[in-house]
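Grab your viewer and work through these exercises, each with its solution spelled out. Try each task before reading on.

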Amino acid sequence: MHKQQPIITALALATVLWAGATSAGDWPHWRGPGRSDIIEESSGWKAGRWMEEMPVWEAEVGEGSTSPLVVGGRLYVMGWTDGNDHVRSLDAKTGMPVWDVACKCPRYGRYAIGDEPAYSGPTSTPDYDVDTGYLYTLSCDGDLNCWDGAARAKRIWGLNLYQRFAVGQRPASGLEQNDLRDYGYTTAPYVYGAWVIVEVGAKDGTLIAFDKRTGERRWASEHGGPAGHSGGIVPIIVEGAPCVAVLTHDVLLVVRVDQGHEGQTVATYVWKSAWANNVLTPAVQDNCILISSMHTHNSISKLKITLSGAERLWEQPYTSSVGSPVACGDFVYMAFERLRCLNWKTGELVWEGGSYGNGGACVATGDGKLIVWSDRGQLSLVESARESPHKFKQLARIAHVTTGGQAWPHIVLAGGSLFCKDRMGKLKCFSTPPPER
C-alpha cells in the first residue's frame, strides 16, 4: 500500500507572517486570479523597454510541469527530486526559502505509460484558498494534500485518489495504433466555497468534491469516467447557475455546483483524441467554451452551453500543443509554432506571426499586451489585437531564459515580477518596470 510520509525541513529562521487574503498583485490559481490568463496587471512595457535580461534571482525547484503560485509575497511551487515531491515556499522578491516539505512520490504515476522523456514529476498546479490560507497539492501519483502555510506547511489532511476510489489506468482511445497514454494526475484542484473539487476520474464520479477543511467527500458528478490530461477545471455561469467545466479523457463535461444540484450534468460534448491528448484547459467567456487538441482534431471549437446541453457554434483548423486558448473580449489567442489571433464571434484568423515552437503559456495583460512563454525557454512580448488589430507585432523577445527543458509550466506575472519555470525545475524571477503614473 502506498503511504505518504511528509518530512518537513524548517528553512525559515523566523516566524512566517501569513497574509490571510489575496491582493491585486497575487496569482493564486492555475492560469491566474480569474483562471483565464487575463490579468489587470501591466506587462511593464514602457518607452520601448520591457525588462532586464538578467534575472533578479533564480532557483532549482525540482522536475515537473506544475506552475508556481504567488500569494501575499510568497511563492509556492512543487517539484520532484530523488524520490520525493517537494512543496516549497519562497520569498517572492528574493527567492530565499521559507519552508520545504518533502513527500515520498515516484517520478511518474503508478500507471504511467508513454512519452516519459517529455515529462516527469508533478504536473498539477496547486490551488490556494483565500478563506483558510490553505494550499492544495496533487501529485502525479494521486496524493491530494491540504497544507497550512501559516504553520510552516503543517499537513491538515491528505488522501490518495488511486487507493480511495479504485482508479485504474486510462484506456486507449482506439483512434490510432498503440495510442495508450497515461501521465498520472495533471489537473489542478479547484477550491469553490466549502469544497475543493478534483478531477478524480473514477467510475462513480469524474469530478469529486471534498470538504476543504477536513477532506471528507461531499459529492460526486453524475458523469463517471477517466480523467483527461488538461491543466485545470474552469468556472462558468449557465443561465444563472454556477457550474464548472473540464476536458476529460473523452468529453467536455459541464456540471452544476449550486446548492441542491451539486454534480448534476449540464452538458457533455464528445471530444476524443489519440494519445489521450485532451491537454488544453477549456477557455470560458460568457456562456461559451473553447476546446482544442492537437492530435485527431487539429482544431478549435466554440460551444454554446445551456442547461439543455452544448451546441457547436464554429470550428476552425487552429490548435496548440500545451498552451490553452485565451478568450479576451472580441479575440482569441493561441501560441503554437506561431501566435494566432482569432475572431471570437466567427473563429476566423485575424492575424498570425512569430516563431514560438511549442507554446507553454500566453497571458493577456491590462495594458493590451500578450506575454508568450514558449519552446525551450523563449519569452516574448506582443501587441494584442486591442493595440494592433490588423497585424502581428512583436515588441520584445528574450531567448534562452532557461535551458533545462520545455517551457511546459505556466508563467506567472504578479506584483511587478515575472516568474518563468521550465519542466526540469529551473525557476527565474524577472522584474518588470512599474507603470507610469
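**Exercise 1.** Find the second largest pocket and work out what lines it.

*Solution.* Start with size: the second largest pocket has a volume of about 210 Å³. A pocket here is an open set of points on a 1 Å grid over the protein atoms alone where a 1.4 Å probe fits, with protein on both sides within 12 Å along at least five of seven lines; lining residues have an atom within 4 Å of a point. The volume is the space filled by probe spheres set on the points, which are joined across faces, edges and corners.

Next, the lining: it has 18 residues, and the closest to the centre are Val167, Gly168, Gln169, Gly201 and Pro226. The elements giving two or more residues are α1 (161-165) and β12 (195-202), with β12 supplying the largest share, three residues. (Helices, H or I with at least four residues, and strands, E with at least two, are DSSP runs numbered from the N terminus.)

Finally, sort by class: ten nonpolar, five polar and three charged. Ala, Val, Leu, Ile, Met, Phe, Trp, Tyr, Cys and Pro count as nonpolar, Asp, Glu, Lys and Arg as charged, and the others, Gly among them, as polar.

**Exercise 2.** Do likewise for the largest pocket.

*Solution.* Its volume is about 600 Å³. Of its 27 lining residues, Tyr183, Val279, Ser321, Val322 and Trp408 are the closest to the centre. The lining splits into eleven nonpolar, 14 polar and two charged residues.

**Exercise 3.** Which strands stand at the edges of the sheet β15-β16-β17-β18?

*Solution.* First, the order: these four strands form an open, antiparallel sheet, where pairing takes at least two DSSP bridges between two strands. Then the edges: β15 (234-238) and β18 (265-270) each have a single partner strand, so one side of each lacks a neighbour in the sheet. Neighbouring strands are turned by 25° against each other on average, direction ignored. Now zoom in: β16 (241-247) and β17 (251-256) pair over five bridges, with Leu253 in β17 as the bridge partner of Val246.

**Exercise 4.** Trace the sheet β26-β27-β28-β29.

*Solution.* It is an open sheet of four strands with antiparallel pairing. At its edges, β26 (359-364) and β29 (394-398) each pair on one side only. The average turn between neighbours is 15°, direction ignored. β28 (378-383) meets β29 over four bridges, and Val382 has Gln394 in β29 as its bridge partner.

**Exercise 5.** How far does the confidence reach 70 or more?

*Solution.* This is a predicted model: local features need pLDDT of at least 70, side-chain atom pairs count only at pLDDT 80 or more, and totals for chains, interfaces and linings use all residues. Residues are numbered from 1 along each chain as its sequence is written, and side-chain values use heavy atoms, leaving out hydrogens and water. Mean pLDDT (the predictor's confidence in each residue, from 0 to 100) is 92, and 93% of residues reach 70 or more. Over residues 1-22, pLDDT stays under 50.

Notes
Axes are lines fitted to C-alpha atoms, for helices over the stretch in contact, and angles run from 0 to 180 degrees between N-to-C directions. Contact means heavy atoms within 4.5 Å.
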